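Take a first look at the model below. Turn it slowly and follow the chain from one end to the other. Then read on.

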Amino acid sequence: MTEKIRILVVEDDMIIAANISLQLTNLGYEVTGIETRGEEAILNANVNPPNIILMDINLRGALDGVQTVKTIQKKVDIPIIYLTANADEASFLRAKETHPLAFITKPFTKLNLRRTIALAVEQLKANERKKDIEEKMNLQVLDDRIFVRHNGKMAKLLLNDILYIEADRNYCTIITATSNYVLASTLKTMQEKLPSSKFVRVHRSYMVNIAKLDIVGENHLEIGRTVIPFSKSQKELLMGRLHTI
């Protein structure tokens, strides 16, 4: 993790939010946005996912901070640091269900903010190193085949047998005509490891074997009887690859 850590600030007091943003920027972090309502925070996190979200538990409006985090976590897995003026047990237990990296109690000092963020970043780096090791153990790629960990063993899969790959947060499911294989790996990692001449990412959650495509529509693809969503941003890339096979 060599790029700047990107942080989304969600705080309904704009004075506090602006102060936090300034402190984070001075510490060398990139602030991806300041949001004051849960609904806007959800949209921001989905469109431009940060590395960390600083989330005020007591947001005003229809969604409080915990409800906002739970909604975000249904689509993207983003580490959370809660900001709270409430030290009551009920608020703590609700927030704990979302597995945050840390809590910062208001009012907080610059030192408290700096140290909490620094510890969270170290934890992110450690988790990333652990994930890289696990992914290398779970997936080995050769010229015409891959070996994936399945039922405690390394199973061989020919690249030509793979129909498509579907992602769900930090896991991918490799779909073949006869079996499915679930890996602890991101779609980004699969995209980096598999040959681009055969496999194209067509959606944030899907990668396809272009040799297996049956139908290419305006906003969807079909492989067999399976309908796969197709992002417009990936259309030019896919069409270019199709013309080369």
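Helix H2 crosses helix H3 in a right-handed way. This is a predicted model, and the crossing is a good place to start reading it. Two packed helices are described by the angle between their axes and the distance between the axes. Here H2 covers residues 38-47 and H3 covers residues 65-73. Their axes lie 9 Å apart, at an angle of about 25 degrees. Angles under 35 degrees count as roughly parallel, so H2 is roughly parallel to H3.

Which residues of H2 meet H3? They are Gly-38, Ala-41, Ile-42 and Ala-45. On the H3 side, the partners are Thr-68, Thr-71 and Ile-72. Sorted by type, the residues of this contact are four nonpolar, three polar and no charged.

H2 also has a buried side to its story. Gly-38, Ala-41, Ile-42, Asn-44, Ala-45 and Asn-46 are buried in this helix. The cover over these residues includes H3, and also strands E1, E2 and E3.

**The parallel sheet**

Those strands lead to a sheet. Strands of a sheet pair through backbone hydrogen bonds, either parallel or antiparallel. This open sheet has five strands in the order E2-E1-E3-E4-E5, and the pairing is parallel. Strands E2 (30-35) and E5 (102-105) are at the edges, and each pairs on one side only. On average, neighbouring strands in this sheet are turned by 20 degrees against each other, direction ignored.

Look at one pair in detail. Strand E4 (residues 80-84) joins E5 through four bridges, in the parallel sense. Tyr-82 has Phe-103 in E5 as its bridge partner.

A helix lies across this sheet as well. Helix H1 (residues 14-26) lies across E1 (6-10), E2, E3 (52-56) and E4. H1 runs at about 175 degrees to E2. Angles over 145 degrees count as roughly antiparallel, so H1 is roughly antiparallel to E2.

**The antiparallel sheet**

There is another open sheet of five strands. Its order is E11-E10-E9-E13-E12, with antiparallel pairing. Strands E11 (180-183) and E12 (199-203) stand at the edges. Why is one side of each left without a neighbour in the sheet? Each has a single partner strand, so nothing in the sheet pairs on the other side. The average turn between neighbouring strands of this sheet is 20 degrees, direction ignored.

E12 runs antiparallel to strand E13 (residues 206-209), and four bridges join them. In this pair, Arg-201 stands opposite Met-207 of E13.

Further along comes a hairpin. Strand E15 (residues 220-223) and strand E16 (residues 226-229) run antiparallel, joined by four bridges. Leu-221 has Ile-228 in E16 as its bridge partner. Two residues sit between the strands of this hairpin, and Gly-224 takes a positive phi near 65 degrees.

The three strand pairs can be set side by side.

| Strand pair | Direction | Bridges | Example partners |
|---|---|---|---|
| E4 and E5 | parallel | four | Tyr-82 and Phe-103 |
| E12 and E13 | antiparallel | four | Arg-201 and Met-207 |
| E15 and E16 | antiparallel | four | Leu-221 and Ile-228 |

**Loops worth a look**

Most residues other than glycine have a negative phi, and most peptide bonds are trans. Two loops hold exceptions. His-99 lies in the loop between helix H4 (89-96) and E5. Its phi is positive, near 55 degrees. Is His-99 buried or exposed? His-99 is exposed, because its relative accessible area is 69% and the cut-off for exposed is over 50%.

The other exception is a peptide bond. The bond from Lys-106 to Pro-107 is cis, with omega near -10 degrees. Pro-107 lies in the loop between E5 and helix H5 (110-138).

Ala-211 lies in the loop between E13 and strand E14 (215-216). Ala-211 has 62% relative accessibility, so it counts as exposed. From Ala-211 to Thr-25 there are 186 residues along the chain, and their C-alpha atoms are separated by 47 Å.

**The whole protein**

Now step back. The protein has seven helices and 16 strands. Its C-alpha atoms fill a box of roughly 60 × 40 × 35 Å, taken along the principal axes. Of its 245 residues, 42% count as buried. Take the contacts between residues at least 6 apart in sequence: 51% of them join residues at least 24 apart.

Terms used
Residues are numbered from 1 along each chain as its sequence is written. This is a predicted model: local features need pLDDT of at least 70, side-chain atom pairs count only at pLDDT 80 or more; totals for chains, interfaces and linings use all residues. Side-chain values use heavy atoms; hydrogens and water are left out. Two strands pair if DSSP finds at least two bridges between them. Axes are lines fitted to C-alpha atoms, for helices over the stretch in contact, and angles run from 0 to 180 degrees between N-to-C directions. Angles under 35 degrees count as roughly parallel, over 145 as roughly antiparallel, 65 to 115 as roughly perpendicular and the rest as oblique. A crossing is left-handed if the near helix is turned anticlockwise from the far one by less than a right angle, and right-handed if clockwise. Contact means heavy atoms within 4.5 Å. Ala, Val, Leu, Ile, Met, Phe, Trp, Tyr, Cys and Pro count as nonpolar, Asp, Glu, Lys and Arg as charged, and the others, Gly among them, as polar. Buried means under 20% relative accessible area, exposed over 50%, partly exposed in between (1.4 Å probe, protein chains only).
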